[in-house]
Amino acid sequence: MFVPHSHDAADSIDDALEASSTGIRALKISLFILLGTTLLQFGVFLISGSVALLADTIHNFSDALTAVPLWIAFVLARRIATRRYNFGFGRAEDLAGLFIVAVVALSAIVAGWEAITRFFNPMTVTNLGWVIAAGIIGFAGNEIVAIYRIRVGQQIGSAALVADGVHARIDGFTSLSVVIGAIGVLLGFPLADPIVGLFIAVTILVLLWGTVRSIGARLMDGIDPHILERAEAALTATPGILSVPRLQLRWVGHRLQGAATIQVRDATLSSVEKIVHEAEHALGHALPNLDDMVIRTSTVSGAPSTPHRHD
């Protein structure tokens, strides 16, 4: 309300660059936190032999690795569009999501295999106090990363970063399951350790399905209907717009692009241009992540100004 602003293309580019820089910073910090957590947990695994802790360590390490493709995607998104890639490089974020799915799926397979192997080749788990401490450390590290990623993701409009944050939060609770497994061993139930390891592997796969659906929707240009409703409300509330016959939005990385047809009364060209400008201004407020919106007009008695053929 109190900071001067505009909605021209240059400001949109500046916003996109600032968002990418903020996302990169969040990924750097969370990467080092998760790597530190993973190293501590792996050290405890070496002295304890807990397969549940190994499963959680593998999972946390794979989560740390997911920051790398997202980091690359955010860097690519800052590049200026070329004649070949004239829509820019925002889709790199969605492609990074596919790599993340592959890494997380692999971690589930490895963790599950190790847990199943321990059922047939049991191993005594030692240093259970350290195992419990490592599980608590895993929970704390994931929760810190979750809070930070979700906050930054919501700030810059990155669904991938928010989803990664929610994923990290749930991963924190899987780390607590390591504590439950260690307590089970302490109480005289040694199979609690591989059971918890297998539980973690299954949990990873369940969480993965939600990620696959989210990334698939992005790649198919799916969008939350509430975002579309916000854009439609902003357009219909603009003085001079009678209706919005057509409205399309899609995510390109963590930025929005779209097209709309608005119906106005028959008027002079300057009057219609003023309405379009006000519509763009309203959309900029309703959708802070909007990069580009192609707005065509039609009059009450005319047809939309869209290209057409007369075959």
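## Val252 and its distant partners

Val252 counts as buried, its relative accessibility being 9%, and this residue lies in strand 1, which covers residues 241–252. The model to which this description applies is a predicted one. Leaving out residues up to four places away in sequence, Val252 touches Gly90, Arg91 and Gln257. With Gly90 the separation along the chain is 162 residues, yet the C-alpha atoms of Val252 and Gly90 are 5.0 Å apart.

## Overall architecture

The chain is built from 8 helices and 3 strands, and their order along the sequence is α-α-α-α-α-α-α-β-β-α-β. Of its 311 residues, 45% count as buried, while the accessible surface of the chain comes to about 16,500 Å², with 67% of that area belonging to carbon and sulfur atoms.

When contacts in the chain between residues at least 6 apart in sequence are considered, 74% of them join residues at least 24 apart. The pairing of Val252 with Gly90, 162 residues apart along the chain, offers one example of residues that are separated in sequence but have C-alpha atoms 5.0 Å from each other.

## Helix 1: Thr37 and an aromatic pair

Thr37 has its place in helix 1, where it counts as buried with a relative accessibility of 5%. Once neighbours within four places in sequence are set aside, the residues in contact with Thr37 are Asn60, Ile137, Gly138 and Gly141.

The structure holds 2 aromatic pairs. One of them joins Phe42 and Phe45 in a tilted arrangement, with 6.1 Å from centre to centre and 35° between the planes. Both residues belong to helix 1 (residues 9–48), and because they are 3 residues apart in that helix, about one helical turn separates them. An α-helix has 3.6 residues a turn, so residues three or four places apart point the same way. The two rings nevertheless fall into separate accessibility classes: Phe42 counts as partly exposed at 39% relative accessibility, whereas Phe45 is buried, with a relative accessible area of 15%.

## The second aromatic pair

Tyr85 and Phe89 also form a tilted aromatic pair, for which the distance is 5.2 Å centre to centre and the angle between the planes is 45°. Here Tyr85 counts as partly exposed, with a relative accessibility of 47%, while Phe89 is buried at a relative accessible area of 13%.

## A nonpolar surface patch

Ile116, Phe119, Phe120, Phe189, Leu191 and Ile195 together make a nonpolar surface patch of about 560 Å². Its largest share, amounting to 3 residues, comes from helix 3, which spans residues 92–120. Ile116 is found in that helix and is partly exposed, with a relative accessible area of 38%; since patches are made of residues with over 30% relative accessible area, this value satisfies the exposure requirement for a place in the patch.

## Helix 6 and the residue after it

Helix 6 consists of 28 residues (residues 192–219), which at 1.5 Å a residue should span 40 Å, and the 41 Å between its end C-alpha atoms agrees with that expectation. The helix is followed by Asp221, whose phi is positive, near 60°.

Conventions: Residues are numbered from 1 along each chain as its sequence is written. This is a predicted model: local features need pLDDT of at least 70, side-chain atom pairs count only at pLDDT 80 or more; totals for chains, interfaces and linings use all residues. Side-chain values use heavy atoms; hydrogens and water are left out. Patches are made of residues with over 30% relative accessible area and no salt bridge: like charges are joined within 9 Å, nonpolar side chains (Val, Leu, Ile, Met, Phe, Trp, Tyr) within 5 Å. Accessible areas come from the Shrake-Rupley method with a 1.4 Å probe; for residues, only the protein chains shown count as cover. A salt bridge is a side-chain nitrogen of Lys or Arg within 4 Å of a carboxyl oxygen of Asp or Glu. Helices (H or I, at least four residues) and strands (E, at least two) are DSSP runs, numbered from the N terminus. Buried means under 20% relative accessible area, exposed over 50%, partly exposed in between (1.4 Å probe, protein chains only). The expected span of a helix is 1.5 Å times one less than its number of residues. Contact means heavy atoms within 4.5 Å. Rings of Phe, Tyr and Trp (its six-membered ring) pair if their centres lie within 6.5 Å; planes under 30 degrees apart count as stacked, over 60 as edge-to-face and the rest as tilted.
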